[in-house]
Structures are given as C-alpha cells and as structure tokens.
Amino acid sequence: MEAIVINEFGSADEFYETELDQPQVTDDTVLVAVNAFSINPMDVAARLGMLPPQFSGNWKFPLVLGWDFAGTVTKIGQNVTGYQVGDRVFGSLPNDHADNNGSYGSYVVVAPETMAKIPAGLSFAQAAALPIAGGTAYQAIVENLKVKTNDTVLIQGGAGGVGLFAVQIAKAQGAKVIASASPSHHELLKQLGADQVIDYHQHAVAKSIKNVDAVFDTAGDIEDGLAALKAGGKLVTVGGQPTSEQLNSTDKNVAFQFTHATTPIYDSLAKLAIAGQLQIKLRTLPRSPDNVIDAHKTVEGHHMTGKFVIHVKN
Ligand SMILES: NC(=O)c1ccc[n+]([C@@H]2O[C@H](COP(=O)([O-])OP(=O)(O)OC[C@H]3O[C@@H](n4cnc5c(N)ncnc54)[C@H](OP(=O)(O)O)[C@@H]3O)[C@@H](O)[C@H]2O)c1
C-alpha cells in the first residue's frame, strides 16, 4: 500500500511517500481503506520521538504515524459482527498501533470497539476530525465533569481541536460556557455558543472569573483554572500534568484524563453533529507528503483553530 512515513524521528520535513506491506486483518478486526485522517498534537509528539514506550516501544522505521481515520470497510474478520464491506466508518487506532498501521497509510486494521459508522450527512473529512479531539472533549465534559444544565464551565484553550468540541458539548448539556482564547478566535467561539470569552494574553483567567462549577483545561494552565474553580468543584486537565499538591487539594478535585473513547462516544459525537449541535471546524488539504508537513507545522505552532484534516479520496 501507499503510505506517508518517516524514517527517523525529527522535524516535519521528514515525511515522504513509500510502498509498504498492508496491515493484515485478523479474526477480531476490520480492514479499512482510509478516506481521510486528522492530525493531533499526539502525532507531532510521536514524530518528534517524545511519546513514552507504551506508545512507541515496538515501532520500527519506516513508521506510519496517525491515529484518527475515516474510511471504508474493505474486509471483515470472521468474529466481527455488525459491519459490512462498504460501510463508512471512523475511529482511532490503538495508542501502540503497529508501525505499518497508522492512519497516514492507505489501509488500517481496526478493532470494531474503537470505531463507529458514519451517518448520512457527515463527510469523511468531518468524521476524521472527531475521534481523538471529540472523544476527549466528550469524555471530559459528559463523563468526567458530568456537566449539567445551568452549571458554569470554564474551558481553557477553547479554540483548539479539543476546545471547540468541548465548548459545544458543554452548551448541548445546557451549561453556561466561559472559554479562554486569543482575540482572533473570540468571534468564532461566540458563534459556537460560548457565553463569555477571555483573552488569556491580557491577564490570568482567574483575575476575572471566580467560582465556576467545573474547569476543563486543554492548555496546561492548571493553577489558573484552579483559582477560578469554586470550592468542591472539579478540574479535569488533558493539557498538563497536575502536581502532587494540586492532586491532593483538599477542597477541589483535580484529575488528569487519559482518554479512552470507544464506539458509544463516537456514536454520540456523530449524533450531535447531525443534530447541528456540534459544528466541525476544519482546515482540509488533499493527501500528499507536503500537505502532511504543512499540517504538522501548523499543529506544532499551538494556535490551530479546530482540526486539520488530510483528505485522501471520496
Ligand atoms: N490526555 C489526553 O487523553 C489528550 C487527548 C487529546 C489531546 N490532549 C492534549 O490536549 C491539548 C490540546 O489538544 P488539541 O488537539 O486541542 O490541541 P490544539 O488544537 O493544537 O490546540 C491549539 C489551541 O490551544 C490554544 N492555546 C494555546 N495556549 C493556550 C493558553 N495558554 N490558554 C488558552 N489557550 C491556549 C490555542 O488558542 P489561541 O490560538 O486562541 O491562543 C489554540 O487554539 C494538547 O496538549 C494535547 O496533546 C490530551
């Protein structure tokens, strides 16, 4: 199969295209032809060789990076039920995917519990944007923070891939949403439902915001988030590692979320998107090594708006 790969860890300019053996479907998995894939900060960390061994321990070069995919089922293991050849699906590969089983390849082998069907009305590019970022936002807002009607939620890093989904999912839960972002993103955040937007460059968020019920930190600014949180409230972070002092806070609950999204979360995200409650803000480019390089450099700049998706084929 054709794959966009790296031959060593390093800069984004390492990407090139080559032919590799296709990953082999097993009795419990499905072979998916990739129609689109999205780039996450995790892809950048992987390319730089910064992921811990539980991700990269068995990788060899040439290495196919990428976790998020949307594609078409082409072969089904004999123990798998509920799917047919030709189904449109989206999902994310295991953290420790094999070195030829990244989503920058033409085919991926997927466990059915880590993917879902793409409903009519959602494109491959839109679906490819959802898994890691949407799954992270959904798990944080709905499952970890249990945001409910009339809660006030602060979302730090509201304009990123995770943040834009989190703002909209919190609104869908009926919450009042405050988001931090650069001024160039304020209008978009308001359009997507944020009730209040704060420029974190001007001053610490907690200078003007106090006593929120819940904080979702995607930016790694845990101390500022904690200062805005009410006593008894909960902060979930995916952007930084809490210190032991923060984790042991007596009056505030602090947790690092290691996201594990599976089919029910992907189905919920797709439903929200189809219902118009989750707009998917995309920058999309056609598949080529140069465009993967462009996407990596953009995501590495830490000011991405929404998601960067590489479109392979319709
Ligand atoms: N633990 C997990 O399971 C998990 C899962 C997914 C992601 N993550 C991590 O979560 C983080 C966010 O992921 P992502 O995909 O959303 O990244 P992203 O799309 O690259 O996020 C970019 C956004 O971060 C914002 N930002 C940067 N510094 C900020 C600050 N100090 N305050 C507020 N906003 C700030 C930028 O906003 P402006 O341009 O408006 O300044 C930009 O919109 C990354 O560190 C990623 O590795 C962890």
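A residue is called buried here if 20 or more other C-beta atoms lie within 10 Å of its own, and exposed if 12 or fewer do. With that in mind, strand β6, which covers residues 107–110 of this predicted model, is a helpful place to begin, for Tyr-107 and Val-109 point one way from the strand while Val-108 and Val-110 point the other way, and all are buried. In a regular strand the side chains alternate between the two faces of the sheet. Strand β6 is joined by 4 bridges to strand β3, residues 30–39, and the two run antiparallel. Within this pairing, Val-108 of β6 is the bridge partner of Val-32.

**The chain as a whole**

The protein chain contains 10 helices and 15 strands, and its C-alpha trace spans about 55 × 40 × 35 Å along the principal axes. Its radius of gyration is 19 Å, which agrees with a compact globule, because a globule of 314 residues would have a value near 20 Å. Buried residues make up 48% of the 314 residues. If one takes the contacts between residues at least 6 apart in sequence, 69% of them join residues at least 24 apart.

The UniProt record, an unreviewed entry, carries the annotation "domain: Enoyl reductase (ER)" over residues 10–310. Over that range the chain is 28% helix and 26% strand, and the C-alpha atoms at the two ends are 21 Å apart.

**Strand β11 and its partners**

Strand β11, residues 212–217, is largely enclosed by the rest of the structure, because 5 of its 6 residues are buried. It is joined by 4 bridges to β8, and these two strands run parallel; in this pairing Leu-154 has Val-215 of β11 as its bridge partner. Strand β11 is also joined by 5 bridges to strand β12, residues 229–237, again in a parallel arrangement, and here Phe-216 stands opposite Val-236 in β12.

**Around the ligand**

Which residues come nearest to the ligand? Of the 31 residues around the ligand, these are Gly-160, Gly-161, Val-162, Ser-182 and Thr-259. By class, the shell holds 13 nonpolar, 17 polar and 1 charged residues. Four elements, namely α1 (41–47), α4 (131–144), α5 (161–172) and β9 (176–181), each supply at least two residues of this shell.

**Backbone details in loops**

Most residues other than glycine have a negative phi, and most peptide bonds are trans. Against that background, three places in the loops of this model deserve attention, and they are listed below with their backbone angles.

| Place | Backbone angle |
|---|---|
| Phe-61 to Pro-62 | omega near -5 degrees |
| Asn-150 | phi near 75 degrees |
| Asn-211 | phi about 60 degrees |

The peptide bond from Phe-61 to Pro-62 is cis, and Pro-62 has its place in the loop between α2 (53–56) and β4 (68–76). Asn-150 is found in the loop between α4 and β8 (152–156), and its phi is positive although the residue is other than glycine. Is Asn-150 buried or exposed? Asn-150 counts as exposed, because it has 10 C-beta neighbours inside 10 Å, and a residue with 12 or fewer falls into that class.

Asn-211, which likewise has a positive phi without being a glycine, is found in the loop between β10 (196–199) and β11. Asn-211 too counts as exposed, because 10 C-beta neighbours lie inside 10 Å.

Notes
Residues numbered from 1 in each chain as written. Predicted model: local features only at pLDDT ≥ 70, side-chain atom pairs only at ≥ 80, totals over all residues. Rg over C-alpha atoms; globule rule 2.2 N^0.38 Å. Contact = placed C-beta atoms within 7 Å. Pairing = 2+ DSSP bridges. UniProt positions renumbered as here; feature names shortened; annotations may be inferred. Near = placed C-beta within 6 Å. Nonpolar A, V, L, I, M, F, W, Y, C, P; charged D, E, K, R; others polar.
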